[in-house]
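Open the model in your viewer and keep the selection panel at hand. The tour below goes stop by stop.

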Amino acid sequence: MSDRNKGIVLLLVSALGFSLMGAFVKLSGDIPTAQKAFFRNIAAAIITLGFVLRHKERVFGKKEHQKLLIARSALGTVGIVLNFYAIDRLVLSDAEMLNKLSPFILIIFSAVFLKETARRFQVIAVLVAFIGALFIIQPEFSVEIFPYIIGVLGAVFAAGAYTFLRVLGNKEKHYTVVFYFSFFATVVLLPFTIVFYEPMSLEQWAFLILAGGCATVGQFGVTLAYKFAPANEISIFFYSTVVYSALLSIVLFGQIPTILSVIGYFIIFGASFYMFRKNNKMDLEEAK
């Protein structure tokens, strides 16, 4: 199997991992969002700590990278809580697609904070993606719009976390970064979990532990995928998350996305595919 195909397979597995994470979070029922995020992260922290110790890496990374690791983890923690809130209150595939706005928001953040030049085709893709988001949200300026706004904000914070990841680059091992993030989120969410704790059944415990395990598969899958092939060659396959989530929504929850939501999915996917093709074309021209 070529490296590119390995990257594609890993990305498809990663997307399935994140989709299952969302499904298990939703299946865990009516408990506080912070509590769900806490147990998802403590499970991921325990799993990733094993990888860090096995490879004899620094558990909390290098001293000179602490500010970047904290900033990435803080933004990522808020992003996860907001995403979980949206997952609990929206059709699963709607929440997942709104979260997939983060690569487009990353383009804006990279231009503003990293001084990277946003190309014309990237600006077009960002605008088209947000039009797609409006089809999913179907704004009516009522209370029902609130979870959709939270879903978009989750993507904004995720994009902020990815911006700091770009600055970190390969300065830290991927399992160290994932552990640091999971541990940070666990510590931050612990007080909220204690104050607002709701007793859980054995089934709810199982669902949240499974959510943590699936999230870890997703994190490692996407990290390893981009080691085998450049993001601009394979990133489009990560949108398979929405297909998985739509099927899980129907099978597990009997939730069928509206026609307008499906149109929104196609518009956002189209914007991503357009950007994917333009990036590849640009790379080919530069290689000549």
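Start with the largest nonpolar core of this predicted model. Select its 62 residues. Which of them touch the most other members? Pick out Met21, Leu98, Leu101 and Phe104. Now colour helix α1, residues 3–27. The largest share of the core comes from α1, with 8 residues.

Stay on Met21 and show its surroundings. Leaving aside residues up to four places away in sequence, Met21 touches Arg40, Asn83, Phe84, Ala211, Cys214 and Ala215.

**Helix α4**

Next, select residues 92–99, which form helix α4. Is this helix mostly covered or mostly open? α4 is mostly covered, with 8 of its 8 residues buried. Label them as you go: Leu92, Ser93, Asp94, Ala95, Glu96, Met97, Leu98 and Asn99. Leu98 is also one of the core residues picked out at the start.

Add helix α6, residues 120–137. The axes of α4 and α6 come within 10 Å and cross at roughly 160°. The cut-off for roughly antiparallel is over 145 degrees, so α4 and α6 count as roughly antiparallel. Their crossing is left-handed. To see the contact, show Asp94, Met97 and Leu98 on the α4 side. On the α6 side, show Ala133, Ile136 and Ile137. By class, this contact has 5 nonpolar, no polar and 1 charged residues.

Hide α6 and bring in helix α11, residues 240–253. Here the axes of α4 and α11 come within 7 Å, again crossing at roughly 160°. That makes α4 roughly antiparallel to α11. Which hand does the crossing of α4 and α11 have? It is right-handed. From α4, select Leu92, Ser93, Glu96 and Met97. From α11, select Thr241, Val242, Ser245, Ala246, Leu248, Ser249 and Phe253. The residues of this contact divide into 6 nonpolar, 4 polar and 1 charged. Keep Met97 labelled: it takes part in the contact with α6 and in the contact with α11.

**Helices α3 and α8**

Clear the view. Select α3, residues 66–89, and α8, residues 174–195. They pack at an angle of about 60°, with their axes 9 Å apart. How do the two helices lie to each other? The angle falls outside the ranges for roughly parallel, antiparallel and perpendicular, and α3 and α8 are therefore oblique. The crossing is right-handed.

Show side chains on both helices. α3 brings Gln66, Leu69, Ile70, Arg72, Ser73, Ala74, Gly76, Thr77, Ile80 and Val81. α8 answers with Val177, Tyr180, Phe181, Phe184, Ala185 and Leu189. Sorted by class, the contact has 11 nonpolar, 4 polar and 1 charged residues.

**A buried glutamine**

Go to Gln35, in helix α2, residues 33–54. Is Gln35 buried or exposed? Its relative accessible area is 1%, so Gln35 is buried. Select what surrounds it. Apart from residues up to four places away in sequence, Gln35 touches Thr193, Phe196, Tyr197, Glu198 and Met200.

**The loop between α2 and α3**

Move to the loop between α2 and α3 and select Glu57. With a relative accessible area of 29%, Glu57 is partly exposed. Add Lys173 and draw a C-alpha to C-alpha distance. The two residues are 116 residues apart in sequence and 8.0 Å apart in space. Glu57 touches Lys173, and also Val52, Tyr175 and Thr176, not counting residues up to four places away in sequence.

Now select Lys56, found in the loop between α2 and α3 too. What is notable about its phi? Phi of Lys56 is near 55°, a positive value in a residue other than glycine. Most residues other than glycine have a negative phi. At 76% relative accessibility, Lys56 counts as exposed.

**Last stop**

Finish at Lys115, in the loop between α5 (102–113) and α6. Check its backbone. Phi of Lys115 is near 60°, again a positive value in a residue other than glycine. Lys115 is exposed, with a relative accessible area of 67%.

Terms used. Residues numbered from 1 in each chain as written. Predicted model: local features only at pLDDT ≥ 70, side-chain atom pairs only at ≥ 80, totals over all residues. Heavy atoms only, no water. Axes fitted to C-alpha atoms, helices over the stretch in contact; angles between N-to-C directions. Helix = DSSP H or I, 4+ residues; strand = E, 2+ residues; numbered from the N terminus. Parallel < 35°, antiparallel > 145°, perpendicular 65-115°, else oblique. Left-handed = near helix turned anticlockwise from the far one by under 90°. Contact = heavy atoms within 4.5 Å. Nonpolar A, V, L, I, M, F, W, Y, C, P; charged D, E, K, R; others polar. Buried < 20%, exposed > 50% of the residue type's maximum accessible area, 1.4 Å probe, protein only. Core = buried A, V, L, I, M, F, W, Y, C linked by side-chain atoms within 4.5 Å.
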